[in-house]
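Subject: Handing over the structure, with notes

Dear colleague,

I am passing on the structure we spoke about, and below it you will find notes on what turned up when I went through it. Please have the sequence and the model open as you read.

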Amino acid sequence: MNLTKHLAGVVIASTCLCVPALAQTKLTMWYHGAGNEVESRTLNQIVSDFNASQSDWAVTIESFPEKSYNDSVAAAALAGNLPDILDVDGPVMPNWAWAGYLQPLPIDESDFADFLPGTKGVWDGKLYSVGLWDAAVALFARQSTLDELGLRTPSLDKPWSREELMAALDAAKASGKYEFALDLGMNDQAEWYSYAFSPFLQSFGGDIVDRSTYKTAEGALNGEAAQAFGKWWQSLFNGGYAPGTSEDPADQQTGFIDGKFAFQWNGNWRAVATMEAVDDVVFLPAPDFGAGNKIGAGSWQFGVSAKSKHPEGAAEFIKFAAQDKYLAAFSDGIGLIPPTPSAAQMTKNYKDGGPLAVFFDLSKAQALVRPVTPGYVVQAKVFTKALADIANGADVADTLDAAVDEIDADIESNGGYGHR
């Protein structure tokens, strides 16, 4: 830039080589975990590191309480006010993609080849979201309990059969040492039911919906396998093995630790606190009810909103956040499963020989994502109500048939949710 100055009648020509710094383009991000201090601290550190690592983009976070987050996203979508980066629960992602909230990630999928399957959100053949952790469920037990009751310790290669599980529950019940043989966390009638209990149904050979077409629940949720599951499920409560839907929520947190339950079906997010209180706790794989042992998969993930004007910048942030050092930091901070084997080796709990390494193996070998369909958000609620009703004594066949009718009516009213 040439500057000409007139000083005391003398013309002076000078050249300025200074180029003003370009401001970073702002990227907005919405996050579901307001109030979760440890998780928020790690995420804020990633954002700070990303913003300092390059000069093109600057991410800012707005946090929401988890209970109101999905409603906030839906309202913003209607108003055309979505951010650039969205936090999305894995099983909800297909609904948001179908509804036009998200766009496919402009990222090479090979960048995430080593990630656990449950951490990758795929819909209609395209990658829409990536998670920085996953979660797994196991059967919590004390080794001393197994020994006292004369029970075989199941392994991933040789899980308990249905018969062995029921023999274990019978033995615990007969011992008279426990209020209940098994805790299932029945008080939590939200996503827990479909995440934690549909794998039992799937291990019987049924499912929430027919995954071959995703156009009906007929046969999957009310067929012979599902009927057998429903009868077994009801027997847990009719037979006094487990507390029902009126269970005290505190029992899911401390009941096993306090010795009220011989066994507890719970997630790895409770594992650290349990290890601190129970020195001989063991985490056992899901039983095999005949069609293989299964657990749920898929947790919160990051995606790019369909309305973002800077999808390349949003994708750069997601790739940056997916570095092993951050995956390990989340795992150490909140106790969940790091998505990659290399990140697991950087953690105190999931590295080889670590106290929670079994959960990585469980997730890799047993995990099954919830139905990958936009209709899942309705199907999960129908499934939850059906299981609660059956636990409370409703007729199994009638309840499952009614659930199928409700799910099929929703699929039909939404034009099949895009399934061809």
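Is Asp124 buried, partly exposed or exposed? Before I come to that, please keep in mind that this is a predicted model. Asp124 has a relative accessible area of 43%, and the cut-offs for the middle class are 20% and 50%, so Asp124 counts as partly exposed. Asp124 lies in the loop between strand 7 (120-123) and strand 8 (126-130), and its phi is near 55 degrees, a positive value in a residue other than glycine. Most residues other than glycine have a negative phi. Tyr417, in the segment after helix 15, is another residue other than glycine with a positive phi, again near 55 degrees, but Tyr417 is buried, with a relative accessible area of 3%.

To step back to the whole chain, the protein has 420 residues, of which 52% are buried, and there are 15 helices and 15 strands in it. Its C-alpha atoms fill a box of roughly 110 × 50 × 35 Å along the principal axes. Of the contacts with a separation of 6 or more, 73% join residues that stand 24 or more positions apart.

Helix 2 is a convenient place to begin with the elements. Its 14 residues, 66-79, should span 20 Å at 1.5 Å a residue, and the end C-alpha atoms are indeed 20 Å apart, which agrees. Tyr69, Val73 and Ala76 are the buried residues of helix 2; they cover an arc of only 70 degrees around the axis, which puts them on the same side of the helix. Lys67, Asp71 and Leu78, on the other side of helix 2, are exposed. The buried residues of helix 2 pack against strand 3, strand 5 (85-89), helix 3 (93-98) and strand 14 (300-305), and the helix is followed by Gly80, whose phi is positive, near 75 degrees.

Strand 3, one of those partners of helix 2, covers residues 25-31 and contains Lys26. Lys26 has a relative accessibility of 54% and therefore counts as exposed. Apart from neighbours within four places in sequence, Lys26 is in contact with Ala58, Thr60, Asp84 and His310; although Lys26 and Ala58 are 32 residues apart along the chain, their C-alpha atoms are separated by 4.9 Å.

Helix 5 (residues 162-175) also has 14 residues, and from its first C-alpha to its last it reaches 20 Å, close to the 20 Å expected. The buried residues of helix 5 are Leu165, Met166, Ala168, Leu169 and Ala172; they cover an arc of only 155 degrees around the axis, which puts them on the same side of helix 5. Glu163 and Ala174 are exposed on the face turned away from that buried side. What do the buried residues of helix 5 pack against? Their partners are strand 9 (137-142), strand 10 (180-183), helix 7 (224-238) and strand 11 (261-267). Just after helix 5, Gly176 takes a positive phi of about 75 degrees.

Helix 7 deserves a further look, with two helix pairs to consider. Helix 6 (residues 191-204) packs on helix 7 at an angle of about 130 degrees, with the axes 8 Å apart, and that makes helix 6 oblique to helix 7. The crossing is right-handed, and in it Phe197, Phe200, Leu201 and Phe204 of helix 6 meet Ala225, Ala226, Ala228, Phe229, Trp232 and Trp233 of helix 7. The axes of helix 7 and helix 15 (residues 396-413) come within 10 Å and cross at roughly 125 degrees, so these two helices are oblique to each other as well. Helix 7 passes helix 15 in a right-handed crossing, where Ala226, Gln227, Gly230, Lys231 and Gln234 of helix 7 meet Val396, Ala397 and Leu400 of helix 15.

One last residue is Thr274, which sits in helix 9 (residues 271-277). At 2% relative accessibility, Thr274 counts as buried, and, leaving aside neighbours within four places in sequence, Thr274 is in contact with Phe140, Phe256, Ile257 and Val281.

With best wishes

How values were computed:
Residues are numbered from 1 along each chain as its sequence is written. This is a predicted model: local features need pLDDT of at least 70, side-chain atom pairs count only at pLDDT 80 or more; totals for chains, interfaces and linings use all residues. Side-chain values use heavy atoms; hydrogens and water are left out. Helices (H or I, at least four residues) and strands (E, at least two) are DSSP runs, numbered from the N terminus. The expected span of a helix is 1.5 Å times one less than its number of residues. Buried means under 20% relative accessible area, exposed over 50%, partly exposed in between (1.4 Å probe, protein chains only). The arc is that of the directions from the helix axis to the C-beta atoms. Contact means heavy atoms within 4.5 Å. Axes are lines fitted to C-alpha atoms, for helices over the stretch in contact, and angles run from 0 to 180 degrees between N-to-C directions. Angles under 35 degrees count as roughly parallel, over 145 as roughly antiparallel, 65 to 115 as roughly perpendicular and the rest as oblique. A crossing is left-handed if the near helix is turned anticlockwise from the far one by less than a right angle, and right-handed if clockwise.
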